[in-house]
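Here is a friendly walk through the structure shown below. Keep the view open as you read.

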There are 2 protein chains.
Amino acid sequence: MISFEQFKIEDGYPIYTQIIQYIKRGIVAGRIRNQDEVPSRRVLSSLIGVNPNTVQKAYRMLEEENIIESRSGAISYVTVDASKIASIRSQLLEGDLGAVVKAMKQMGISKEEALRLMAKLWD
Amino acid sequence: MISFEQFKIEDGYPIYTQIIQYIKRGIVAGRIRNQDEVPSRRVLSSLIGVNPNTVQKAYRMLEEENIIESRSGAISYVTVDASKIASIRSQLLEGDLGAVVKAMKQMGISKEEALRLMAKLWD
DNA sequence: ACCACCGTATTATTTGTATAATACAGCCAA
DNA sequence: TTGGCTGTATTATACAAATAATACGGTGGT
C-alpha cells in the first residue's frame, strides 16, 4: 500500500495534479513500485482531507497514462516497468527543471549563477 | 513604455499571473526600469489577445505590491528601487528554484545529478 | 452467502478564472 | 476647451476545480 504520510496539500495548483505528481515522483524515486496497492478513493480522500471526486479525477488520469490499473469492486494498483519509469522521470524533469531554466534566463541570470544558486538552495 | 513583444500566453497557469511574472522577471533582468510606463489596460489586452479585466487584475495586484502606480485617467508606471528589485528577485528565485529543488529531492535525485541536469538543460 | 469495501456515475453548489458589454469620471495633448 | 485615452466599476455568462450527497453494481474475505 502506497504511503501518503509525506503528502501535504499546497495551494497554487489543483489538488488532483498534486496527487498525480506525488505518485509520479514516488515512482521515480523508487518509493512506489510496480504492483503496489493504491489507497481507495474514499480512504485517500479522508486521509488527506479532500473530496473523493478529487482523488477519483487524479486516479482516472493516472489510469489514462497507464500508471495505475483499476477494476470495479477491487483495489487499484500500480503498473509500471523500467521503461515507463524512465519516461516519467524525463517527463517530470523536462517540465519542472525546464520551466525554471526558462524563468531564470528571463530574469537575466547566468548559467554559472544559476548553478551556484541551486547548489546553495539544495542544502 | 514596457515592451510585451516577448510575451506569450501559455496554458497551465492563470493569464493574470503570467502577466505579473513577465513584469517581475523583466524588472529583475533590468529590461523594465523605475518610472517606465506600463501599457494601458485596453492596449495590452488587445495586444496579447485577452480581456481588459484580466489585465486589470494583474495590474491591481502589482499595485498592491507597490510595483506599479496608477491614478485615474493617467498612464500607470513602474515604481521600484534597488531594495524592492532585490526582494522581487529573491521572491521569484525562492519560489521557482526552491520548488524544483524540493521536487527533485522527492524524486531521489542527487545534488550532483541535479546540477549536471541543469547545466545540460541550460544550453 | 453475506456484507463491508471497492470503483464508478450522477446531480447540485461554490469559488476562481476569463470573457463580454457597458458606463463614468479623470487626465492631457491638440 | 474639447475629445480621445485613461483608470475604475458593474453586471452577466461560461468553464474548470472542488465539494457534497447519493446511488449502483462488482469484489473478496469471513
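How many residue pairs are in polar contact across the interface of domain 1 of chain A and domain 2 of chain A? The rule finds two, both at pLDDT 80 or more; a polar contact is a pair of N or O atoms within 3.5 Å, where within protein one must be able to donate a hydrogen and the other to accept it, and residues adjacent in sequence count only if both atoms are side-chain atoms.

## Before you start

This is a predicted model, in which local features need pLDDT of at least 70 and side-chain atom pairs count only at pLDDT 80 or more, while totals for chains, interfaces and linings use all residues. Residues are numbered from 1 along each chain as its sequence is written, chains are lettered from A and ligands numbered from 1 in the order in which they are written, and side-chain values use heavy atoms, with hydrogens and water left out.

## Chain A and its two domains

Start with chain A, which has five helices and two strands. Helices (H or I, at least four residues) and strands (E, at least two) are DSSP runs, numbered from the N terminus. Going along from the N terminus, the order is α-α-α-β-β-α-α. Along the principal axes, the C-alpha atoms of chain A fill a box of roughly 55 × 30 × 25 Å.

The domain assignment, which is automatic or from a database, splits chain A into domain 1 (1–80) and domain 2 (82–123). Their centres, taken over C-alpha atoms, are 25 Å apart. Where they meet, ten residues of domain 1 are in contact with seven of domain 2, contact meaning heavy atoms within 4.5 Å. About 780 Å² is buried between these domains of chain A, with carbon and sulfur atoms giving 68% of that area. Buried area is the accessible area (1.4 Å probe) that two parts lose on being put together, summed over both. On the domain 1 side, A:K24, A:V28 and A:V80 supply 55% of the area buried against domain 2, more than any other three residues.

There is also one salt bridge between the two domains of chain A, a salt bridge being a side-chain nitrogen of Lys or Arg within 4 Å of a carboxyl oxygen of Asp or Glu. A:R25 forms a salt bridge with A:D96, and their closest N and O atoms are 3.4 Å apart.

## Where the chains meet

Now look at chain B against chain A. Each side brings 33 residues to the contact, and the two chains bury about 3400 Å² between them, 71% of it on carbon and sulfur atoms. The rule finds six salt bridges across this interface. A:K111 forms a salt bridge with B:D123, with the closest N and O atoms 3.2 Å apart. Polar contacts turn up here too: twelve residue pairs, both residues at pLDDT 80 or more.

On the chain B side, the elements giving two or more residues are α1, α4 (82–106) and α5 (111–122). Of these, α4(B) gives the most, with 13 residues. The chain B side divides into 19 nonpolar, four polar and ten charged residues. Here Ala, Val, Leu, Ile, Met, Phe, Trp, Tyr, Cys and Pro count as nonpolar, Asp, Glu, Lys and Arg as charged, and the others, Gly among them, as polar.

## Around DNA strand C

Next, the DNA. Of the 26 residues around strand C, A:R41, B:I15, B:Y16, B:N53 and B:K57 come nearest; near means that a heavy atom of the residue lies within 4 Å. Of the strand C atoms within 4 Å of the protein, 62% belong to sugar or phosphate and the rest to bases.

Phosphate oxygens of strand C lie 2.6 Å from a side-chain N or O atom of B:K57 and 2.8 Å from a polar side-chain atom of B:R71. Both chains give two or more residues per element to this surface: α2 (41–48) and α3 (52–64) of chain A, plus α1 (15–29) and α3 (52–64) of chain B.

## Around DNA strand D

Which residues come nearest to strand D? Of the 26 around it, they are A:P14, A:I15, A:T54, A:K57 and A:R71. Sugar and phosphate account for 60% of the strand D atoms that come within 4 Å of the protein.

A polar side-chain atom of A:R71 lies 2.6 Å from a phosphate oxygen of strand D. A base is involved as well: one of its nitrogens is 3.2 Å from a polar backbone atom of A:G73. The surface near strand D divides into eight nonpolar, twelve polar and six charged residues.
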